[in-house]
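Good morning. Please put the next structure on the screen, and I will walk through it.

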Amino acid sequence: MLALSSEGFVFSWGFGGKGQLGHGDTSFSNSPKMVDLIADHSIAMVAAGDSHSMALAMDGAVFSWGDNAYGQLGHNDTIMRTSPTMIGMFANLPVIFISAGVTHSACVT
């Protein structure tokens, strides 16, 4: 589960076996915990896939983390990430919308 506060902070909880909670590990959490590694970015939108997560910052930067068996994180590899990682491809493209599916992700520029 992902939640976005009105101040732009991201919280996650639940099953984290694929790193989708973004806390740097594969543990579960039975209560909301802030995703600290993106706390210095003002987040505008979050998206939760089956086993991966995404966040869109107010400046258009896109972060993803979790399962990456099908390349759904957008980092040009299939390496699972347990912490939010900025998608480099969108560094100079202002993204305005994100979506996460079971094994895919989408961004609108």
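I will start with the whole chain, then take the sheets, the cores and one loop residue.

This is a predicted model, so a word on the ground rules: local features need pLDDT of at least 70, side-chain atom pairs count only at pLDDT 80 or more, and totals for chains, interfaces and linings use all residues. Residues are numbered from 1 along each chain as its sequence is written, and side-chain values use heavy atoms, with hydrogens and water left out.

The protein chain has nine strands and zero helices. Helices (H or I, at least four residues) and strands (E, at least two) are DSSP runs, numbered from the N terminus. The C-alpha atoms fill a box of roughly 35 × 30 × 20 Å along the principal axes. What does the radius of gyration say about the 109 residues? A compact globule with that many residues would have a value near 13 Å, and the protein chain has 12 Å, which agrees. That radius is taken over C-alpha atoms, and the globule rule is 2.2 Å times the number of residues to the power 0.38.

Now the sheets. Two strands pair if DSSP finds at least two bridges between them. One open sheet has three strands in the order S1-S2-S3, with antiparallel pairing. Its edge strands are S1 (2-4) and S3 (29-34), each of which pairs on one side only. Neighbouring strands here are turned by 15° against each other on average, direction ignored. Such angles run from 0 to 180 degrees between N-to-C directions, with axes as lines fitted to C-alpha atoms, for helices over the stretch in contact.

S1 pairs with S2 (residues 10-14) over three bridges. Across that pair, alanine 3 stands opposite phenylalanine 11, and leucine 2 has serine 12 as its bridge partner. On the S3 side, phenylalanine 11 has methionine 34 as its bridge partner. The hairpin of S1 and S2 has five residues between the strands, and glycine 8 there takes a positive phi near 90°.

Another open sheet has four strands in the order S4-S5-S6-S7, again with antiparallel pairing. S4 (43-48) and S7 (81-86) are its edge strands. S4 and S5 (residues 52-57) pair over five bridges, and isoleucine 43 stands opposite alanine 57 in S5.

Isoleucine 43 brings us to the inside. Which residues does isoleucine 43 contact, leaving aside its neighbours within four places in sequence? They are Leu4, Gly8, Val10, Ile38, Ala55, Leu56 and Ala57, where contact means heavy atoms within 4.5 Å.

The largest nonpolar core has 10 residues, including Leu2, Val10, Ile43, Phe63 and Trp65. S5 and S6 (62-66) each supply at least two residues of this core. Apart from it lies another core, of nine residues, among them Ala47, Met54, Phe90 and Ala100. A nonpolar core is a set of buried Ala, Val, Leu, Ile, Met, Phe, Trp, Tyr and Cys residues joined through side-chain atoms within 4.5 Å. Buried means under 20% relative accessible area, exposed over 50%, and partly exposed in between, with a 1.4 Å probe and protein chains only. Buried residues make up 40% of the 109.

Last, the loop between S6 and S7, where asparagine 76 is found. Is asparagine 76 buried or exposed? Its relative accessibility is 81%, so asparagine 76 counts as exposed. Asparagine 76 also has a positive phi of about 60°, although it is not a glycine.
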